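Here is a set of questions and answers for someone meeting this structure for the first time. Each answer sets a value against the cut-off that gives a term its meaning.

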Amino acid sequence: MLKRQKQISIRLTGQEYDRLCKKAKAAYLKREPYIRRRIEKCHVVPRCPDEYLQLAKDISVVGRRINEITHELNRTWYISEAQMAELTLLLQKVLRLVQEKLRE
């Protein structure tokens, strides 16, 4: 026996339908499960796009290298010009990655 035996039909304007589709897609759900969750008053949180997850990984790699250099600085109280230049480049890379995503 089917768990869900009741069916409803609703009419939406084009704008309402588009909004429903966008919200369901943002939550990585089909329309029906999305509506069901909303009915149950669950707060549906949109999942981050995969590009943002990749951005976080890229920034994490850069951040680890920055952390290595600053750890060495804290240990020796000295930073070479090459390390300072590398830090500057790494920070610029993070800024560039974030700006690229913001432009999309």
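Q: What makes R65, E68 and E86 a network of salt bridges?
A: In this predicted model, a salt bridge needs a side-chain nitrogen of Lys or Arg within 4 Å of a carboxyl oxygen of Asp or Glu. R65 and E68 have their closest N and O atoms 2.9 Å apart, and for R65 and E86 the closest N and O atoms are 2.7 Å apart. Both values are within 4 Å, so each pair counts as a salt bridge, and R65 takes part in both of them, which leaves R65, E68 and E86 linked in a network.

Q: Where in the chain do the partners of R65 lie, E68 on one side and E86 on the other?
A: R65 and E68 both belong to helix α3, where they are three residues apart, about one turn of the helix. E86, by contrast, is in helix α4, 21 residues from R65, and this pair links distant parts of the chain.

Q: Why are R65, E68 and E86 called partly exposed?
A: The term covers relative accessible areas between the limit for buried, under 20%, and the limit for exposed, over 50%. R65 has 30%, E68 has 46% and E86 has 26%, so these three residues are partly exposed.

Q: How do you know that E32 and R36 form a salt bridge?
A: Their closest N and O atoms are 2.4 Å apart, and because the limit for a salt bridge is 4 Å, the pair of E32 and R36 qualifies. The two residues are four apart in helix α2 (residues 31-39), and they are therefore separated by about one helical turn. In general, side chains of opposite charge can pair when their charged atoms come close. The structure holds four salt bridges, and the pair of E32 and R36 is one of them.

Q: Why do E32 and R36 receive separate labels, exposed and partly exposed?
A: E32 has a relative accessible area of 52%, and because exposed begins over 50%, E32 is exposed. R36 has 25%, which lies between the limits of 20% and 50%, so R36 is partly exposed.

Q: Why is V62 called buried?
A: The relative accessibility of V62 is 3%, and because buried means under 20%, V62 counts as buried. V62 is placed in helix α3, where L55, I66 and I69 are also buried, and what covers the buried residues of α3 includes α4.

Q: Which residues make up the largest nonpolar core?
A: It is made up of six residues, namely V62, I66, I69, L87, L90 and V94. The elements that give two or more residues to this core are α3 (50-76) and α4 (81-103). In soluble globular proteins, nonpolar side chains tend to be buried together.

Q: Which residues does V62 touch, once those up to four places away in sequence are left out?
A: V62 touches L90, K93 and V94, while V94, with its neighbours within four places left aside, is in contact with I59 as well as V62. V62 and L87 are 25 residues apart in sequence, and from C-alpha to C-alpha they are 9.4 Å apart in space.

Q: How do you know that the span of α3 is close to the expected one?
A: Helix α3 has 27 residues and reaches 39 Å from its first C-alpha to its last, and at 1.5 Å a residue the expected value is 39 Å.

Q: What makes the phi of W77 and Y28 worth a remark?
A: Most residues other than glycine have a negative phi. W77, which follows α3 and lies in the loop between α3 and α4, has a positive phi near 60 degrees. Y28, in the loop between α1 and α2, has a positive phi of about 55 degrees although it is not a glycine. W77 is exposed because its 77% relative accessibility is over 50%, whereas Y28, with 44%, is partly exposed.

Q: Why is I8 called exposed, and which surface patch does I8 help to make?
A: I8 has 71% relative accessibility, which is over 50%, so I8 counts as exposed. I8 is found in the segment before α1 (14-26), and together with I10, L12 and Y17 it makes a nonpolar surface patch of about 410 Å².

Terms used: Residues are numbered from 1 along each chain as its sequence is written. This is a predicted model: local features need pLDDT of at least 70, side-chain atom pairs count only at pLDDT 80 or more; totals for chains, interfaces and linings use all residues. Side-chain values use heavy atoms; hydrogens and water are left out. A nonpolar core is a set of buried Ala, Val, Leu, Ile, Met, Phe, Trp, Tyr and Cys residues joined through side-chain atoms within 4.5 Å. Buried means under 20% relative accessible area, exposed over 50%, partly exposed in between (1.4 Å probe, protein chains only). Contact means heavy atoms within 4.5 Å. Patches are made of residues with over 30% relative accessible area and no salt bridge: like charges are joined within 9 Å, nonpolar side chains (Val, Leu, Ile, Met, Phe, Trp, Tyr) within 5 Å. Accessible areas come from the Shrake-Rupley method with a 1.4 Å probe; for residues, only the protein chains shown count as cover. The expected span of a helix is 1.5 Å times one less than its number of residues.
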